[in-house]
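Please open the model in your viewer, with the sequence panel beside it, and follow the stops below in order. Each stop says what to select and then what can be found there.

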Amino acid sequence: MTDWLEDAQRDLVLNAGDRMALFVRGEGAWLWDADGNRYLDFLGGIAVNSLGHAHPVFVEAVAAQAATLAHVSNYFATPPQLELAARLKRLAGTGTSGRVYFSNSGAEANEAAFKLARLHGAASDTTAARPRILALKEAFHGRTMGTLALTGKPAMQAPFEPMVPGVEFLDSTIEALEAAMDDRVAALFVEPIKGEAGVLELPEGYLQAARALTTAHGALLIIDEIQTGAGRTGEWFGFQHAGITPDAITLAKGIGGGFPIGALVTFGAASELFYPGTHGSTYGGNALGTAVASAVLGEIEQAGLVENARERGPQIRAAIAGIDSPLVAGCRGAGLLIGVALRRPVAKDVVAAAQQAGLILNAANDSTVRIAPPLTIGDVEIDEFAARFTTALQAVEEALLATDAEVPA
Ligand SMILES: *Cc1c(COP(=O)(O)O)cnc(C)c1O
């Protein structure tokens, strides 16, 4: 296989940089390229492959449901759809008043949440509508026009102006939220950990303050759990670390384990905002997708993988601390969503060197390497990770020395 990159460069849309490898097979936390090289996958499809690759539960769920009933349109219900809705309500703790809308991706889940916010803005007060929607600077909520408007990265928005109006971006501080909040705010969108921005944590107490302030002003608190959900951070959902109840959460990535599916889960009164004709999706919530997501979440629950994420995260951080590289400043994140902060803007070099060493990672920004392995990993994978990451860091340190660049002491 020598010409796959040429094929990719000729045939695929130019929306991304060059593809880094051609993968042909996966098993557990391992991937194989077309030349038979084996890689340890500590990116997990960006927090998607919760059970790793080709997990028997995933494989069986796809095969069994595909052989039974894949799709019938949303004029009808199916048992897997109802089962997944009930499961998500239980795991999110909505109680009986919660409701679930199914989509095919994270951006579509956030589009539904955006429409929910608009409905709330129109309906909650007839004398003073709520035109304002608050989101955080550097937040990432998706690539569609609606979710791009919610995404606090001006450089991403610039080529696609004008944006959907009404969204204001705040610094990620409680003071900034206090200053911005009033009775004309329909909703605050927030990620528990800003994954795409570089695995950035919120300040201590932020979600509790956000809950108090949105409640006081009648605004919705909408939490984007697309990257942090499905057990990734050591709780089922990131907001659960804060002990609060949001008005809505959005899900995708890890709930499907590799099958494209997303969801909006609403709590309490927010569950009564949509009415017939206000939203929909042809594929969303079809029997095949919901059966697979139910099986994935069922396996996460039965195998204790939320607890595993909680325990293995600190173990990986300890392994990284043990490498004692002058490049590594420390780690951020929670559970198995980890950002390794570097002292130089060489994250892309570290990711390339890691791939050379048989380890798949990702540069969340110039100076942060993102780690989001399958929730199934154990001692063997963590030992392999530490060895390969050490090799990668050393290669980058040596390259910096060779170019006379300063290696931090
Ligand atoms: C990945 C991601 C999205 C977008 O999901 P897609 O499935 O790529 O549309 C939205 N929000 C967050 C926090 C994400 O990590």
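**Stop one: a pair of helices**

Select V57, F58, A61, V62, Q65 and A66 in helix α3, and then add A287, L288, A291, V292, A295, V296 and E299 in helix α10, since these are the residues through which α3 and α10 meet. Sorted by class, this contact comprises 11 nonpolar residues, 1 polar residue and 1 charged residue. Please keep in mind throughout that this is a predicted model.

Now widen the selection to the whole of α3, residues 56-66, and the whole of α10, residues 287-302, whose axes lie 9 Å apart and pack at an angle of about 155°. Because angles over 145 degrees count as roughly antiparallel, α3 and α10 are roughly antiparallel to each other. If you turn the view so that one helix lies in front of the other, you can follow α3 as it passes α10 in a right-handed crossing.

**Stop two: the nonpolar cores**

Next, select I300, I316, L361, F385 and F389, which have the most contacts inside the largest nonpolar core, a set of 84 residues. Helix α13, residues 379-402, supplies the largest share of this core, namely 8 residues. Centre the view on F385 and show its surroundings: leaving aside residues up to four places away in sequence, F385 touches L40, F42, I316, I320, L359, L361 and I371. A second core, separate from this one, has 23 residues, and L148, M163, A186 and L220 are among them.

**Stop three: a second pair of helices**

Stay with α13 and add helix α12, residues 347-356; the two axes come within 8 Å and cross at roughly 125°. That angle makes α12 oblique to α13, and the crossing of these two helices is right-handed. To see the contact itself, select D349, V350, A353 and A354 in α12 together with F389, A392, L393, A395 and V396 in α13. By class, the residues of this contact are 8 nonpolar, no polar and 1 charged.

**Stop four: one residue of α12**

Finally, select Q355, which also lies in helix α12. Is Q355 buried or exposed? Its relative accessibility is 16%, so Q355 counts as buried. Show its neighbours next: not counting residues up to four places away in sequence, Q355 touches M20, A21, Y39 and I360. For a last view, zoom out and pick A269, whose C-alpha is 48 Å in space from that of Q355, with the two residues 86 apart in sequence.

Methods:
Residues numbered from 1 in each chain as written. Predicted model: local features only at pLDDT ≥ 70, side-chain atom pairs only at ≥ 80, totals over all residues. Heavy atoms only, no water. Core = buried A, V, L, I, M, F, W, Y, C linked by side-chain atoms within 4.5 Å. Buried < 20%, exposed > 50% of the residue type's maximum accessible area, 1.4 Å probe, protein only. Helix = DSSP H or I, 4+ residues; strand = E, 2+ residues; numbered from the N terminus. Contact = heavy atoms within 4.5 Å. Axes fitted to C-alpha atoms, helices over the stretch in contact; angles between N-to-C directions. Parallel < 35°, antiparallel > 145°, perpendicular 65-115°, else oblique. Left-handed = near helix turned anticlockwise from the far one by under 90°. Nonpolar A, V, L, I, M, F, W, Y, C, P; charged D, E, K, R; others polar.
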